[in-house]
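Reader: Got the model open. Can you walk me through the ligand sites?
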Amino acid sequence: MTLIDPDTGLDPLDFEVTKNLAAVPAAQREEILANPGFGTRFTDHMVDICWSVRGGWHRPRVTPYGPLSLDPASAVLHYGQEVFEGIKAYRHADGSIHTFRPDQNGRRLQRSARRLALPELPVEYFVQSLRELVTVDKDWVPSGPDQSLYLRPFMFAKEAFLGVRPAHKVGYYVIASPAGSYFTGGVDPVTIWLSEDYARAGKGGTGAAKTGGNYAASLLPQSEAYENECDQVVFLDEHRNVEELGGMNIVFVHKDGTVVTPMSPSILEGITRNSILQLAEDRGHKIEGRPVSLEEWREGVASGDIVEVFACGTAAVITPIGGLKGRDFYEEQPAGDLALSLREELTDIQYGRREDKHGWLVRLDA
Ligand code: PLP
Ligand code: COI
């Protein structure tokens, strides 16, 4: 298969494909696909590419899905040198399989890798790796409403060495998991817990990188959120500006139609967020990416200037926020209809039900 843009001059990787002889039987797979949940079941295969200082990217393989064998001294287990991505494959009505803006995820993986002193996988190889896996596991892409195949590319330091320096040996992998809604309530509004004691990122830190450590830092506050009957946690920066949720960006809609989202070097640059801003701008909304203080949020809701707040990300798509809870307050959030209307427009594009005016879709199965 020649899959690589000839303009880049990169030869496609020649993947060695080993079929899983113990693949999940079709009837069992269909049962899983009927109700996939999120992130609990995995397809029959995975991608594995090696990198070393001396050999660069080499040994691209599609192998049966299964446990990795790691030296206990592997650097990732001690120093967390790891980055990952999240992107979905969507089945269209004609059976074809497409993904959404994979160049953006590929570039973000490169930026994350740079920050974590990991090697940068060429974007063309990133896209090819998704295509290789989806081609082998295409029967795992579900076709029910709002279902998709969630792809999880990740890269980590596997050199066995306890000295603290960037590893000389790295592995890049892609696994895939059939997915329904991230939240059990589907698109029902979620309640957000305000993390007043903990931050996920700091100035000059790794907040803009998609790296495991940021998520590790979010787990204790996320547990606080669950204890307080909230679905997600929202983080602030040192100036009490709103950053993002544990696994999603946040967007505010103002009475005059302006759509505002916090932007700063410590926030993950969400591809869903950027796409929604584009769709809102196409509809004539004014768009602002700027610091948003907690006071602006709370006062805006109280005065009626903020008419809607929602969360967005690959896993969550677009989910309205119905409440904000802190240690000593609870504030209901206003319900509007922009979140759900943008969700419909975005998912219509992703599932091939509406024209893809921006050329965001990339076919994976052909
Ligand atoms: N912020 C965080 C911390 C995330 O984990 C995610 C999800 O990937 C996002 C924002 C949204 O990013 P995207 O829309 O690219 O999935
Ligand atoms: C994604 O949306 O892809 C993420 O990585 C976030 C996580 C909550 C699953």
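**Ligand sites**

Author: Around ligand 1 there are 17 residues, with Lys210, Tyr215, Glu244, Thr272 and Thr314 the closest. "Around" asks for a heavy atom within 4 Å. This is a predicted model: local features need pLDDT of at least 70, side-chain atom pairs count only at pLDDT 80 or more, and totals for chains, interfaces and linings use all residues. Residues are numbered from 1 along each chain as its sequence is written, chains are lettered from A and ligands numbered from 1 in the order written, and side-chain values use heavy atoms, with hydrogens and water left out.

Reader: Which side chains have an N or O atom by an oxygen atom of ligand 1?

Author: Tyr215 is one of them, at 2.4 Å. Arg108 has a side-chain N or O atom 2.7 Å from a ligand 1 oxygen. For Thr314, a polar side-chain atom is 2.6 Å from an oxygen of ligand 1. A polar contact here is a pair of N or O atoms within 3.5 Å.

Reader: How much of ligand 1 does the protein bury?

Author: The protein buries 96% of the 390 Å² that ligand 1 exposes when taken alone. Areas are Shrake-Rupley, with a 1.4 Å probe.

Reader: Which helices or strands supply its shell?

Author: β11 (242-245), α6 (271-282) and β15 (306-313) each give at least two residues to the shell of ligand 1. Those are DSSP runs: helices are H or I with at least four residues, strands are E with at least two, numbered from the N terminus.

Reader: And how does that shell divide by residue type?

Author: Six nonpolar, seven polar and four charged for ligand 1. Tyr counts as nonpolar and Gly as polar in that split.

Reader: Switching to ligand 2. Which residues surround it?

Author: Phe84, Gly86, Tyr150, Arg152, Tyr182, Lys210, Gly247, Thr314 and Ala315. They divide into four nonpolar, three polar and two charged.

Reader: What are the polar distances there?

Author: A side-chain N or O atom of Tyr150 is 2.6 Å from an oxygen of ligand 2. For the Lys210 side chain, the distance to a ligand 2 oxygen is 2.7 Å. Ala315 uses its backbone: an N or O atom there lies 2.8 Å from an oxygen of ligand 2. Taken alone, ligand 2 exposes 280 Å², and the protein buries 90% of that.

Reader: Why does ligand 2 lie between the domains?

Author: Domain 1 (16-180) and domain 2 (190-345) both give residues to its shell, so ligand 2 lies between them. The bounds come from an automatic or database domain assignment.

Notes: Polar contact = N/O pair within 3.5 Å; in protein donor to acceptor, adjacent residues only side chain to side chain.
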